[in-house]
Amino acid sequence: MAALGWLTPRRRSATARSVLAGEAAAEAARKSSLQLEQEREEAAAAESAVAEPEFPVVGDVRAAAFFDLDNTVMQGAAIFHFGRGLYKRKFFQRRELARFAWQQAWFRLAGVEDPEHMQDARDSALSIVKGHRVSELMSIGEEIYDEYMADRIWPGTRSLAQAHLDAGQKVWLVTAAPVETATIIARRLGLTGALGTVAESIDGVYTGKLVGEPLHGPAKAEAVRALAAAEGLDLNRCAAYSDSHNDIPMLSLVGHPYAINPDGKLRKHAKDRDWRLRDYRTGRKAAKVGIPAAAGLGALAGGTAAAVALHRRRH
């Protein structure tokens with residue numbers, strides 16, 4: 001065993017210098033540990049300061065969410081999809097379909113609402129449904145949703161709405177589309193209900209006139225204000241979602257405004273006011289506004305295809 005003695009470290013008495021080295025190392029370790037702990041605490045405090053608070057707040061029943069429909073919840077305009085379904089059921093002729101198709105193509109290419117086009121579409125729809133029973137159009141609307149609308153719901157926006165529902169809050173659609181169409185869509189998506197344009201009916205039959213005006217722009221804000229008062233909601237705790245600068249009055253009402261797939265004017269307005277933005281469109285401009293593939297164009301009975309070709313020739 002003596003031969004292995006060189007492997008065993010020899011005991012040496014501590015010198016003043018070694019004691020000093022040990023004490024210095026211990027003090028440095030203690031200081032570095034305290035410094036690291038302080039840095040971690042400061043980082044955690046900074047992170048909590050910049051992190052968004054939990055939203056929507058679970059259990060806050062005085063809060064609700066209001067969602068625009070066209071190009072916010074659904075690609076394209078509900079009134080145009082509804083028109084396609086009515087054409088399929090022989091409610092009007094090909095000439096009127098061509099006008100619907102062109103309006104829809106323009107809407108999808110531009111990605112914004114044109115008041116003149118939207119008014120023309122509503123006038124056309126009112127003349128088409130005049131004399132028909134409300135119950136008949138509601139039944140047909142269910143079929144049209146399955147045919148033309150169900151596959152055009154933005155998954156991202158649908159998830160936002162579901163987050164409010166999961167938090168125990170009510171979620172409403174707010175749209176210029178007919179209230180019957182909006183109600184069908186809200187029910188299919190499991191939402192609370194819908195605010196929409198009301199067409200006059202007598203004894204359950206459409207007269208071809210509106211009650212008041214289309215629910216558009218400032219009218220949406222008034223509808224939200226009225227519903228909030230009736231429901232006992234605190235608008236500062238509510239959220240609103242839209243793609244269009246036309247809905248700035250509605251978005252400005254609530255404490256949590258969101259710009260969803262925003263047009264240029266709304267994007268700038270939202271950035272200037274530090275509103276939240278979400279964009280679920282991808283790729284180049286054509287994809288961003290949801291232009292359908294060739295098969296989808298054919299589904300518009302040739303009208304939209306012609307409109308797109310005309311747009312390309314002009315540009």
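**Exercise 1. In which handedness of crossing does H5 pass H7?**

The model is predicted: local features need pLDDT of at least 70, side-chain atom pairs count only at pLDDT 80 or more, and totals for chains, interfaces and linings use all residues. Residues are numbered from 1 along each chain as its sequence is written, and side-chain values use heavy atoms, with hydrogens and water left out.

Step 1. Locate the helices, which are DSSP runs of H or I with at least four residues, numbered from the N terminus, as are strands (E, at least two). H5 covers residues 134-149 and H7 covers residues 179-188.

Step 2. Take the axes, which are lines fitted to C-alpha atoms, for helices over the stretch in contact; angles run from 0 to 180 degrees between N-to-C directions. The axes of H5 and H7 come within 9 Å and cross at roughly 55°. H5 and H7 are therefore oblique to each other (under 35 degrees is roughly parallel, over 145 roughly antiparallel, 65 to 115 roughly perpendicular, the rest oblique).

Step 3. Read the handedness: H5 passes H7 in a right-handed crossing (the near helix is turned clockwise from the far one by less than a right angle; anticlockwise would be left-handed).

**Exercise 2. Describe how H2 packs on H5.**

Step 1. H2 (residues 78-88) packs against H5 at an angle of about 105°, and their axes are 9 Å apart. That makes H2 roughly perpendicular to H5.

Step 2. Contact means heavy atoms within 4.5 Å. On the H2 side the contact includes Phe82 and Leu86, and on the H5 side Leu137 and Ile144 are among the residues.

Step 3. By class, this contact of H2 with H5 has eight nonpolar, three polar and three charged residues (nonpolar: Ala, Val, Leu, Ile, Met, Phe, Trp, Tyr, Cys and Pro; charged: Asp, Glu, Lys and Arg; polar: the others, Gly among them).

**Exercise 3. Find the edge strands of the six-stranded sheet.**

Step 1. The open sheet has the order E3-E2-E1-E6-E7-E8, with parallel pairing; two strands pair if DSSP finds at least two bridges between them.

Step 2. E3 (193-197) and E8 (276-278) are at the edges with a single partner strand each, so one side of each has no neighbour in the sheet. The twist averages 20° from one strand to the next.

Step 3. Four bridges join E2 (residues 170-178) to E3. H7 lies across E2 and E3, at about 145° to E2.

**Exercise 4. Where is the pLDDT below 50?**

Step 1. pLDDT is the predictor's confidence in each residue, from 0 to 100. The chain averages 79, and 71% of the residues score at least 70.

Step 2. The value is below 50 over residues 283-315, a stretch with 33 contacts in the model beyond near neighbours in sequence. Where pLDDT is low, the predicted coordinates should not be read in detail.
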